[in-house]
Amino acid sequence: MAKQIYYEDVEVGTEITPLAKIATTRMLVQWAGASGDFNPLHYEDDFAKAMGVGAPIVHGALKRAWLGQLMTDWIPGEGKLKKLSCQYRGMDYPRKMKTMEEPHDGETWWCKGKVTKKYEEGSEHFVECEIWVENGKGDKTTPGSALVVLPTRSGK
Amino acid sequence: MPGGSLITDELQKLIGVSLGTTISKVEEGAIQRYAQAIGDPNPLYNDPDYASKTEYGRLLAPPGFTGWSIKAERPMEKLFESLIKAGGPPRVLDGGVEFEFIEPVGAGDVLTATTKIASITERETRLGKTMFTTVEITFVNQRGNVALKSRSTLIQF
């Protein structure tokens, strides 16, 4: 895990350490099993076409979970995630598998974010962030926001 | 809205209605499989020995954990059907979610989740006439405290 980040270390505009992800058909199967979301939208071609999305798409909740990791990687240990939200605006399509383990060449997704506000309330130090998942073309398919509490270097 | 409202009388009646309560135990293995599916190697979610020595005292669940052992998502699946049966458009997509985290969730916790339809609205989007249903889930832990709340939006067109 990354080293502890403190309230004094961040300013409005501070970039959150980006996190790279590659969605694959294999990963979607794994996610379906782990999350219990067996909607055929994520694995059946004809059903996905009938639903108007063209082909099986990456689960929105998986992208949301990536954004959760983006935040908890950034604020490890003493930082606390208070709120997380995102909207599933754009469809993302997983890479197909070439071998058991290796996906075909294709898109890499990046989870990114930046600080939009910092403030103290009571004895806690809050930081608000704009976060998003962006696809290989640079489109923000999954914009959202997060609110965290960070420790201070002074301990006050 | 031209061509009339998507929100039928039957859909109106669903607003504010509870979709039921589920009780689920958070399992260690479910947390680990969930973290692996995200591709998150954080030892708090993967290594029970490590996690037990932290302030959490047990394997911690990733934020917004809705792993297989949490049944609150099941009423959501039934909800798709009841919204369509009540006259809602046939194509359903997940629009997004907001989480508020109040207490940590970890292995061994027992969560009682209550699911309710908070609102149904409609507007014109690039998908055409589109209906938005907001569903709220409140998760209460075995200590009687609210651990987290979620608000999900379903899109129908």
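**Two chains, one sheet: a group meeting talk**

Let me start in the interior: of the 71 residues in the largest nonpolar core, the ones that touch the most other members are A:Trp66, A:Leu67, A:Leu70, A:Met71, B:Ile31 and B:Tyr34. The largest share of this core, eight residues, is supplied by helix 3 of chain A. Please keep in mind throughout that what we are looking at is a predicted model.

To take one of those core residues, A:Leu67, and leave aside its neighbours within four places in sequence, we find it in contact with A:Leu84, A:Cys86, A:Cys111, A:Ile131, A:Val133 and A:Gly144.

Let me step back to chain A as a whole. Chain A has three helices and five strands, and from the N terminus on these elements run β-α-α-α-β-β-β-β. Its C-alpha trace spans about 55 × 30 × 30 Å along the principal axes, and of its 156 residues, 37% are buried. If we consider the contacts in chain A with a separation of 6 or more, residues 24 or more positions apart account for 66% of them.

Now to the sheet, where both chains take part. It is an open sheet of 10 strands with antiparallel pairing, and its order reads 1(A)-3(A)-4(A)-5(A)-2(A)-2(B)-5(B)-4(B)-3(B)-1(B). At the edges stand strand 1 of chain A, residues 19-21, and strand 1 of chain B, residues 18-25, each with a single partner strand, so one side of each is left without a neighbour in the sheet. On average, and with direction ignored, neighbouring strands of this sheet are turned by 20° against each other.

Where do the two chains meet within that order? Strand 2 of chain A pairs with strand 2 of chain B, residues 92-101, in the antiparallel sense over five bridges. Strand 2 of chain A also pairs with strand 5 of chain A, residues 140-149, again in the antiparallel sense, over six bridges. A:Lys83 is a useful residue to click on here, since it has a partner in each of these strands: A:Leu147 is its bridge partner in strand 5 of chain A, while B:Glu100 stands opposite A:Lys83 in strand 2 of chain B.

Helix 3 of chain A packs on this sheet, touching strands 1, 2, 3, 4 and 5 of chain A together with strand 2 of chain B, and its direction makes about 145° with that of strand 2 of chain A.

That brings me to the contact between the chains, which takes 26 residues from chain A and 23 residues from chain B. On the side of chain A that touches chain B, the elements giving two or more residues are helix 1 (25-35), helix 3 (60-74) and strand 2 (80-87). Helix 3 of chain A gives the largest share of that side, eight residues. Sorted by class, the side of chain A that touches chain B has 11 nonpolar, 10 polar and five charged residues.

Finally, a word on helix 1 of chain A, in which A:Met27, A:Leu28, A:Trp31, A:Ala34 and A:Ser35 are buried. Seen down the axis of helix 1 of chain A, these buried residues fall within an arc of 130°, so they line one face of the helix. What do the buried residues of helix 1 of chain A pack against? Their partners are helix 3 of chain A together with helix 2 of chain B, residues 28-38. Helix 1 of chain A is followed by A:Gly36, whose phi is positive, near 80°.

Technical notes: Residues are numbered from 1 along each chain as its sequence is written. Chains are lettered from A and ligands numbered from 1 in the order in which they are written. This is a predicted model: local features need pLDDT of at least 70, side-chain atom pairs count only at pLDDT 80 or more; totals for chains, interfaces and linings use all residues. Two residues are in contact if their C-beta atoms, placed from the backbone, lie within 7 Å. Helices (H or I, at least four residues) and strands (E, at least two) are DSSP runs, numbered from the N terminus. Ala, Val, Leu, Ile, Met, Phe, Trp, Tyr, Cys and Pro count as nonpolar, Asp, Glu, Lys and Arg as charged, and the others, Gly among them, as polar. Two strands pair if DSSP finds at least two bridges between them. Axes are lines fitted to C-alpha atoms, for helices over the stretch in contact, and angles run from 0 to 180 degrees between N-to-C directions. A residue is buried if 20 or more other C-beta atoms lie within 10 Å of its own, exposed if 12 or fewer, and partly exposed in between; C-beta atoms are placed from the backbone. The arc is that of the directions from the helix axis to the C-beta atoms. A nonpolar core is a set of buried Ala, Val, Leu, Ile, Met, Phe, Trp, Tyr and Cys residues joined through C-beta atoms within 7 Å.
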